[in-house]
Structures are given as C-alpha cells and as structure tokens.
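Let's take a walk through this model together, going from its aromatic rings to its charged surface. Keep the 3D view open as you read.

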Amino acid sequence: MDVDEFIENLTLEALEAATKSDLINLAKGLNLAEVRLSMKKREVRRAITQYYIGKNVFAAEVLENIPEKVPASGMAQLELEKLRLEHVIELKQLEAAEKEKERAEREKERAEREREHALHLKELEVKQEHELQLKGLEVKKEQDRAEKQREHEIQLKQLEAAEKEKERAKKEREAEKQRKHDLEMEKLRLGQRDQGSDREERFNVSRELRLVPPFEEMDVDSYFLLFEKVAVNQKWPKEQWVALLQSVLKGKAQRVYTALSMEEGEEESYDKVKAAILRSYELVPEAYRQKFRNLKKGWNQMYTEFAYEKGVLLDHWCTAETVEEDYWHLRELILIEEFKGCVLEDIRMYLNEKPNKSISEFARFADEYTLTHKTKFSSNKSSQRDHGNDRESPLAEAEVPPGASGKIAGERQDG
C-alpha cells in the first residue's frame, strides 16, 4: 500500500477495510509512537482515528463505532491510557511547535538572504556609481592637464616670441647706435682731415668729451676695447686718455680712480688706471680664465648664445694674456694653465704673481720656489708623519722615484 496515496484519500471506510499491516505502516508514516506491533487491529485503527480527530479531520463520534478493549485492571488502565494519550498529545504539540520553529527559522533565513541580497545589490550600485564618478574625475583631470599643457605651450611660445622681439629690438638699437657712432666718426674724420700734425697742440678735452662712449659697469672689458678704438680713430693723444676716461667713470670704477689719484697724484697713466679698474672688477687674466671655464648654459638660453659667450670669454682671456693670433702663443697659454693646475697651492699663487712667460720659465720659477721653501715642505711632511698620517703631502707624492711600485704610481696618477 502506498502510504502517501492512502493518507491523501483517507476515509473511514478505507480505515475499516485496511489490514493490520497497512494500518501499522500508516501509523509509522504518521509517527504515532504509541502504536506497536503487539496491538490488535482495532486498537491501531482507534489510535489512527484519534490522531485525525485531533487534526479535526474526523468527528469525535466516530470513536463510538470502534470498540475499545477495557483492561482487567479497570479504572487504573483507563488512567494509564489517558496519560498515554496526553503524552501523545504533548508530543504532537512539541512536534508542531518544532515545525513552527523550523518554519520561522526558514522564514528568517530567507528574509536574511533577501536582505543580504538587497545590500549586495546596493553595494554594487554604489560601487558602480563610485567608479563612474572616478572615471568622470579622471576624464576631467585629463582635460585640465591637457588645457594646462596647451596654456603652458602658448605661454612658452609667447615668451619665446617676446625674447626674439626683445633680441631683435636690442640688435636694432645696437645697430642704430653703431651707425650713429660711425656717422659721428666719419663726420669728425671729414672735419679733421686738414688739421694734420698740429692736432695735439690744439686738442680740447671739453670738445672731445661728447665722443667718449658712456661707461658700462656690466661689461667693463668690452668698454675699454670700445674706448681705445674710439681714441685711436679720433687720434686722441694717449696722455689725454685718462682725462677723457675719468669724465665718464661711475660706481666702483670712479671710487678706484679717486683712490688711485690720491695715492699717485697726477702721474697716473692710462694703463695703470685701466689695470686698477679691471682688478676692482676682477677682470684680470685669471678672472677671465675662471669665467671661461665655469660658464654654463642657462635653462632659457639658446645654444648659439651660449657658444657666442664662450667665444667672447676665450677672446678676452687671450687678449688679457696678450696671446697673439698664432698657434705657439695659444699653445703656451694652455700649457701654462695645465701646469698651474698640477702644482701645489703655494707654488700656484707664486706663479700667478709672475708676468706671462713661457712654460719653461714657469717651470724654472716653480723649481726655484721649491728649493727656496724646501725647509717649509720638509717640516710639513715630518709633522704629518709625527701625527700618524699615512698619506704624504702632494709634493712627496710628486717626488716618488721612478723605481717605485706600480701600485704607488697608479695611485698618484689617479689622485
């Protein structure tokens, strides 16, 4: 017998027609613990009927048609049966409560899953919205960056155009100034063509002052070149150059000239005044050399401008050293500079005080200075050894004999 189908189509007639084994299987399917195999058929049918009466499937009157066996013990047996039924009812109630509890837990779990699902969907929506906002910010940032880059390029182009315009205007002013200067020179040459050799006798300082170029503190060395060129072209007597020069001096140059005049009276020559002014502006050969070696390209400077400034400084250095335009004089200048960089500081300072000589004469001066100050170098060397210093002085390193080990020679070369 199919228990599920029997339960589905249950009737009183079906219960009466069912066999004991079918009723036992039905009781097992209904979880009736009080039903046992030792019970009789009517007792099993009565227990099943009571179950369905409790479920309001059958009316209570149907039990009257099912005879109940009264035990020999009388009322005690009835009490026992009553307790058993109460126990069965309590079990059924517990079972129903358990099922209700399970149903409530399932509902709670389902509600919790739905809530978690809703939260997950909300998080996905928030995340998606956040990603869209980030993408929008990135796009805006990229647009701002591109806009700033365009503005920067435009500013650079404007600055470049302004610099070019400024350079062009400067060149035009210089060209105009040079044209005016050349015109003045030409007028003066035309006006003085017939004056001849008596110009020195009739030289008027106040009249020639208007031809003296204005003094430029920012480019003193170039100014002296310009002044001497004008003086030679105008055939000014050299003894009058100081008088013409001092009229346009200003700033530090004026103070140097005033101090020089107070010290030497009226006997100062143009060369002495020029040398003193150049020294005050550090425009001596050593200063030109340092400027030439240390000049670096500026970040906003064109390479053509940098190369031109390098060339000008080299020309000034060569001019200050009276280097003529031939290979041998330039060779001597480079050898002397390299030689000074390879000697001690005291010897280099001593050589800087000497006039511009050949490399052989500088080497002789260095040897003479070394022999003269040999006691000083020896004391310094002994002092270093007394203090436990393993490194010897540069002079001692330079005096390592030719037979020294290769390691020492290599270390000296590296140093």
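Ring pairs join Phe215, Tyr223, Phe224, Phe227, Trp236, Trp241 and Tyr270 into a cluster. Bear in mind as you look at these side chains that the model is a predicted one.

A good place to start inside this group is the pair made by phenylalanine 224 and tyrosine 270, whose ring centres are 6.4 Å apart and whose planes meet at 65°, an edge-to-face arrangement. The pair links distant parts of the chain, since phenylalanine 224 belongs to helix H7 and tyrosine 270 to helix H10 (residues 270-280), 46 residues apart. Are these two partners buried or exposed? Phenylalanine 224 has a relative accessibility of 1%, so this residue counts as buried. Tyrosine 270 is at 4%, and therefore counts as buried too.

Now step back to the whole model, where the count of aromatic pairs comes to 11. One of them brings together tyrosine 51 and tyrosine 52: their ring centres lie 5.2 Å apart with the planes at 80°, so this pair is edge-to-face. The cut-off behind that label is an angle of over 60 degrees between the planes. Both tyrosine 51 and tyrosine 52 are buried.

Let's return to helix H7, which spans 220-234, and follow the chain onward. The loop between this helix and helix H8 (241-246) holds lysine 235. What is the phi of lysine 235 near? Its value is near 60°, which is positive in a residue other than glycine. Lysine 235 counts as exposed because its relative accessibility is 63%, and the threshold for that class is over 50%.

From this lysine, turn to the negative charges. Which residues form a negative surface patch? Glu163, Glu167, Glu174, Glu305 and Glu309 do. The elements that contribute two or more residues to the patch are helix H5 (75-191) and helix H12 (303-320). H5 supplies the largest share, with three residues.

Glutamate 167 is a handy member to click on, and it is found in helix H5. With a relative accessible area of 32%, glutamate 167 is partly exposed, because that class lies between the buried limit of under 20% and the exposed limit of over 50%. Patch membership asks for over 30% relative accessible area, so the 32% of glutamate 167 meets that requirement.

How values were computed
Residues numbered from 1 in each chain as written. Predicted model: local features only at pLDDT ≥ 70, side-chain atom pairs only at ≥ 80, totals over all residues. Heavy atoms only, no water. Helix = DSSP H or I, 4+ residues; strand = E, 2+ residues; numbered from the N terminus. Buried < 20%, exposed > 50% of the residue type's maximum accessible area, 1.4 Å probe, protein only. Patch = residues over 30% accessible without salt bridge, like charges linked within 9 Å, V, L, I, M, F, W, Y side chains within 5 Å. Areas by Shrake-Rupley, 256 points an atom, 1.4 Å probe, with all protein chains shown as cover. Salt bridge = Lys/Arg side-chain N within 4 Å of Asp/Glu carboxyl O. Lys, Arg positive; Asp, Glu negative; His and termini not counted. Charge placed at Lys NZ, Arg CZ, Asp CG, Glu CD. Phe/Tyr/Trp six-rings, centres within 6.5 Å; stacked < 30°, edge-to-face > 60°.
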